[in-house]
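User: Please take a close look at one part of this model, the sheet and what surrounds it. Start from a single position and work outwards.

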Amino acid sequence: FVADVWGVGADFRWNMTDCVGVMGEFYTGEGLGTYNGSALQLVNPENDFQGIESTGGWLEFFLYWTPRLHSHFGYGIDDPRDGDVPFAAPLLGRVENSTVYGNILYDVTESFRVAFELSYRETDYRNPIVPDNQGMFYHTQCAWSF
């Protein structure tokens, strides 16, 4: 099959002060599942493999408490067009993904970081038989970069 793939997006970052800022992204397009759009859906197998159109984005506020301690708080949404997503396939047919998150990160050194994040995620499905999914997530991180 051949599917149309296109997308338009815009990113921004604004450092209001040396310690506080905001950044985000907006996008719209079709067949963006490969690029983490369309709630990870590329085409609809129930509709001649037509590409799934979607719109979404994210907005994040960041705060550097100290040069090594910082936090990020944000919201993101991925909203495929409901009529484009499959209806019958049990785990397909996601019509919306959203998340709200907050974290705190500590850069122990330039190459080692520890962090904790709390997020709430929600996924809605087109088929009413498939229950919507939501929940709290708790993440820890120890990252070594080189």
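Analyst: Start with Thr140. Its relative accessibility is 69%, so Thr140 counts as exposed, the cut-off being over 50%. The model is predicted, and the values that follow are computed from it.

Thr140 lies in strand 9. Leave out residues up to four places away in sequence, and Thr140 touches Ala115 and Phe116. Glu117 can be placed by distance. Its C-alpha is 6.4 Å from that of Thr140, while 23 residues separate the two in sequence.

Now the sheet itself. It is open and has seven strands, in the order 1-2-5-6-7-8-9. The pairing is antiparallel. Strand 1 (6-15) and strand 9 (133-144) are the edge strands, each pairing on one side only. Thr140 therefore sits in an edge strand, as its place in strand 9 shows. On average, neighbouring strands of this sheet are turned by 10° against each other, with direction ignored. Strands of a sheet pair through backbone hydrogen bonds, in a parallel or an antiparallel way.

Which strand comes next to strand 9 in the order? Strand 8 does. Strand 8 covers residues 112-125 and holds Ser119. Is Ser119 buried or exposed? Ser119 is buried, because its relative accessibility of 2% is under 20%. Thr140 in strand 9, by contrast, counts as exposed at 69%.

The surroundings of Ser119 can be listed. Neighbours within four places in sequence are set aside here. Ser119 is then in contact with Thr99, Val100, Tyr101, Gly135, Met136, Phe137 and His139. Strand 7 runs over residues 94-107, so Thr99, Val100 and Tyr101 fall in that strand. Strand 9 runs over 133-144, so Gly135, Met136, Phe137 and His139 fall there. In the sheet order, strand 8 stands between strand 7 and strand 9. One of these contacts is also polar: the side chains of Ser119 and His139 are joined at 3.5 Å.

Move on to the pairing of strand 6 with strand 7. Strand 6 spans residues 69-80 and strand 7 spans 94-107. The two run antiparallel, and 10 bridges join them. Within this pairing, Phe73 has Gly102 of strand 7 as its bridge partner.

Next, the charged pairs. Side chains of opposite charge can pair when their charged atoms come close. How many salt bridges does the model hold? The count is three.

The pair Glu53 and Arg81 has its closest N and O atoms 2.5 Å apart. It links distant parts of the chain. Glu53 is in strand 5 (residues 53-64), and Arg81 is in the loop between strand 6 and strand 7, 28 residues away. Glu53 is partly exposed at 26%. Arg81 is partly exposed as well, at 44%.

Arg81 also forms a salt bridge with Asp84, where the closest N and O atoms are 3.9 Å apart. Asp84 is buried, since its relative accessible area of 16% is under 20%.

The remaining pair is Asp107 with Arg113, whose side chains meet at 2.8 Å, N to O. Asp107 falls in the range of strand 7 (residues 94-107), and Arg113 falls in that of strand 8 (residues 112-125). Asp107 is buried at 15%. Arg113 is partly exposed at 29%. Shared partners join Glu53, Arg81 and Asp84 into one network.

Two backbone angles deserve a check. Ser38 has a positive phi of about 55°, although it is not a glycine. Ala39 also has a positive phi, near 50°, and is likewise a residue other than glycine. Ser38 belongs to the loop between strand 2 (20-30) and strand 3 (43-44). Ala39 lies in the loop between strand 2 and strand 3 too. Are these loop residues buried or exposed? Ser38 is buried, with a relative accessible area of 0%. Ala39 is buried at 1%. Both values are under 20%, which is why the two residues count as buried.

Last, the cysteines. A search of the whole structure finds zero disulfides. Cys19 is partly exposed, with a relative accessible area of 37%. Cys142 is exposed at 63%, because that value is over 50%. Cys142 falls within the range of strand 9 (133-144), the strand that holds Thr140.

How values were computed
Residues are numbered from 1 along each chain as its sequence is written. This is a predicted model: local features need pLDDT of at least 70, side-chain atom pairs count only at pLDDT 80 or more; totals for chains, interfaces and linings use all residues. Side-chain values use heavy atoms; hydrogens and water are left out. Helices (H or I, at least four residues) and strands (E, at least two) are DSSP runs, numbered from the N terminus. Buried means under 20% relative accessible area, exposed over 50%, partly exposed in between (1.4 Å probe, protein chains only). A polar contact is a pair of N or O atoms within 3.5 Å; within protein, one must be able to donate a hydrogen and the other to accept it, and residues adjacent in sequence count only if both atoms are side-chain atoms. Contact means heavy atoms within 4.5 Å. A disulfide is a pair of cysteine sulfur atoms within 2.5 Å. Two strands pair if DSSP finds at least two bridges between them. Axes are lines fitted to C-alpha atoms, for helices over the stretch in contact, and angles run from 0 to 180 degrees between N-to-C directions. A salt bridge is a side-chain nitrogen of Lys or Arg within 4 Å of a carboxyl oxygen of Asp or Glu.
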